[in-house]
Amino acid sequence: MLSKNDIDLYKQFVKTIFKMRYKGSILGFLWVLLKPFFMFIILFVVFSSVSGQVGNLTSKQYAVYLLSGLVIYTFFNEGITWGMGSIMERANLILKINFKRDIVVISALTMALINFCINLMIVGVIGTVLDIQFSVIGVSYILLIGLVMFLGMYGISFFTSIWMVYVRDLAHIAELGLQLMFYASAVFFPIELIPERYRFVVEYNPIAIYIQTVREALTHKNIINLDFILISLAVAIVLVLVGRLYFKHSVKRVAEHF
Amino acid sequence: MNENIAIKVNNVSKQFKVPVKGQRNTLQERFLTPFHKTEHREFNALKNLSFEVKKGEFFSVIGPNGAGKSTLLKIVSGIYVPDEGEVLVNGDLVPFLELGVGFNPDLSARENVYLNGTILGLTKKELDEYIDGIFDFAELRDFADMSIKNFSSGMAVRLAFSIAIRVKSDVLVLDEVLAVGDAEFQRKCYAYFDKIRGQKSILYVSHALDSVQKYSDRVLWLKEDKTYEIGEPEKIVNAYRNAN
């Protein structure tokens with residue numbers, strides 16, 4: 001049961017995180033758009049000049065290809081990291097007030113989702129400038145994948161945010177794992193460039209599959225891996241339901257272990 | 001639960017295991033000494049404690065440091081879970097274990113009113129309505145858009161208090177809220193106590209024995225050996241004074 005206050009509290013948390021990130025800078029909110037934009041431009045210039053023609057992609061397609069991979073990976077990275085740290089970060093508040101604890105988890109995930117949407121829009125703008133045609137069905141499919149990832153990470157965060165309180169090393173382990181995931185997800189290069197015998201790393205890696213799927217939807221307007229996406233959706237929903245139960249049960253004892 | 005009861009604490013016990021050499025929250029410690037059980041010192045914060053706070057009652061808790069007063073407030077507030085026994089609360093409960101919970105020094109006073117107010121259970125709509133009154137009462141109208149980090153501690157406490165008195169709940173848990181402010185602030189607090197007496201049920205912890213004696217309907221004295229006494233304010237406060 002959500003009360004009006006719970007929803008307001010959720011908005012307050014998201015707003016505060018958002019404000020704090022750019023507080024004190026002259027351009028303020030503009031950085032939300034400028035930073036990923038310039039980041040993308042830098043990567044595009046560096047990688048397109050290094051690789052020239054990559055696989056069967058034109059250099060314009062390659063730009064979108066590269067950026068969409070980054071957008072998905074960044075979403076994954078931020079969702080996992082912020083979701084995991086959400087309870088620890090609010091330790092002070094949790095020790096003082098009896099608000100609904102799951103609000104901090106969903107707030108952290110919402111921040112990652114907002115960033116994801118902003119990044120996606122920037123890719124859209126860059127793609128349009130580069131004269132790439134997007135299809136409605138392709139874009140809808142990408143949003144579905146975003147939703148699947150959001151739910152999956154939300155479910156995972158119900159567990160990791162609690163574990164983090166007991167085993168602080170999790171922050172460092174996750175950082176390494178995410179770094180590994182970055183290279184195992186073929187963010188910067190087409191899968192075809194990976195030698196056959198190592199390709200399983202990418203083929204069994206859900207993030208790599210999401211990235212491939214998004215890329216196909218963006219550059220070739222193809223809907224691939226539909227069955228995998230639907231299975232992921234089901235798994236994500238189960239994760240959220242089970243995670244919620246676990247969280248509700250475990251979060252009561254967390255305050256004693258800060 | 002009986003309608004006339006606001007808080008029912010039923011046979012509550014709470015034990016903490018305090019690691020003798022600090023908390024072992026990293027894997028390194030578990031890897032290096034996998035079979036070595038951490039040395040814990042067990043510490044009974046509360047033992048078989050039972051009492052009831054009636055609707056509209058001002059119920060105070062006194063006792064020396066380490067008697068379990070803060071633990072009790074945290075359990076009643078739902079922040080800790082008791083090892084044994086249970087706590088039942090009739091109605092909405094808001095704990096004030098600290099004033100200005102969630103205040104963010106980098107945000108403006110106005111933003112902090114919304115943040116802190118929402119944390120204390122108010123909705124945005126209610127805060128829209130109260131915000132002018134909050135700044136007037138805190139005498140901080142001209143500072144609404146200043147960052148809290150530029151506030152003196154007195155200003156911050158005044159602001160926090162002005163928000164706190166708007167809270168809607170029927171049951172309040174107050175931990176030493178008076179310890180922070182100056183004389184003027186304390187006068188305001190007492191005026192507030194006078195106003196809400198009989199309307200809200202209050203569980204109050206304080207070392208200020210005079211105020212406990214003046215405002216309480218009943219007093220609980222928690223002792224270091226985990227026994228306790230409940231009774232008339234004058235009798236219990238005097239007994240506590242004589243014991244020290």
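Me: Taking two residues to be in contact if their C-beta atoms, placed from the backbone, lie within 7 Å, which residues in H1(A) meet H5(A)?

Reply: On the H1(A) side they are A:Asp6, A:Leu9, A:Tyr10, A:Phe13, A:Val14 and A:Ile17, and they meet A:Ile103, A:Val104, A:Ile106, A:Ser107, A:Thr110 and A:Met111 in H5(A). This is a predicted model, in which local features need pLDDT of at least 70 and side-chain atom pairs count only at pLDDT 80 or more, while totals for chains, interfaces and linings use all residues. Residues are numbered from 1 along each chain as its sequence is written, and chains are lettered from A and ligands numbered from 1 in the order in which they are written.

Me: And what kinds of residues make up that contact of H1(A) with H5(A)?

Reply: They divide into 9 nonpolar, 2 polar and 1 charged, where Ala, Val, Leu, Ile, Met, Phe, Trp, Tyr, Cys and Pro count as nonpolar, Asp, Glu, Lys and Arg as charged, and the others, Gly among them, as polar.

Me: At what angle do the axes of H1(A) and H5(A) cross?

Reply: They cross at roughly 45° and come within 9 Å, with H5(A) covering residues 102–129. Axes are lines fitted to C-alpha atoms, for helices over the stretch in contact, and angles run from 0 to 180 degrees between N-to-C directions. That angle makes H1(A) oblique to H5(A), since under 35 degrees counts as roughly parallel, over 145 as roughly antiparallel, 65 to 115 as roughly perpendicular and the rest as oblique.

Me: Which element of chain A gives the most to the side that touches chain B?

Reply: H1(A) does, with 8 residues. The contact takes 23 residues from chain A and 24 residues from chain B, and the elements of chain A that give two or more residues are helix H1 (4–22) and helix H10 (226–254). Helices (H or I, at least four residues) and strands (E, at least two) are DSSP runs, numbered from the N terminus. By class, chain A's side has 9 nonpolar, 4 polar and 10 charged residues.

Me: Switching to chain B, how many helices and strands has it got?

Reply: Chain B has 8 helices and 9 strands. Within chain B, 6 strands form an open sheet with mixed pairing, in the order E5-E6-E7-E3-E8-E9, and two strands pair if DSSP finds at least two bridges between them. The edge strands, each pairing on one side only, are E5 (93–96) and E9 (228–231) of chain B.

Me: Do strands E3 and E8 of chain B run parallel or antiparallel, and which residue partners B:Ser60?

Reply: Strands E3 (residues 58–62) and E8 (residues 218–222) of chain B run parallel and are joined by 4 bridges, and the bridge partner of B:Ser60 in E8(B) is B:Val219. Helix H8 (residues 233–243) of chain B packs on the sheet, where it touches E3, E8 and E9 of chain B, and its direction makes about 25° with that of E8(B).

Me: What about B:Asn44, is it buried, exposed or in between?

Reply: B:Asn44, found in strand E2 (residues 40–54) of chain B, is partly exposed because 15 other C-beta atoms lie within 10 Å; a residue is buried at 20 or more such atoms, exposed at 12 or fewer, and partly exposed in between. Leaving aside neighbours within four places in sequence, B:Asn44 is in contact with B:Gln15 and B:Lys226.
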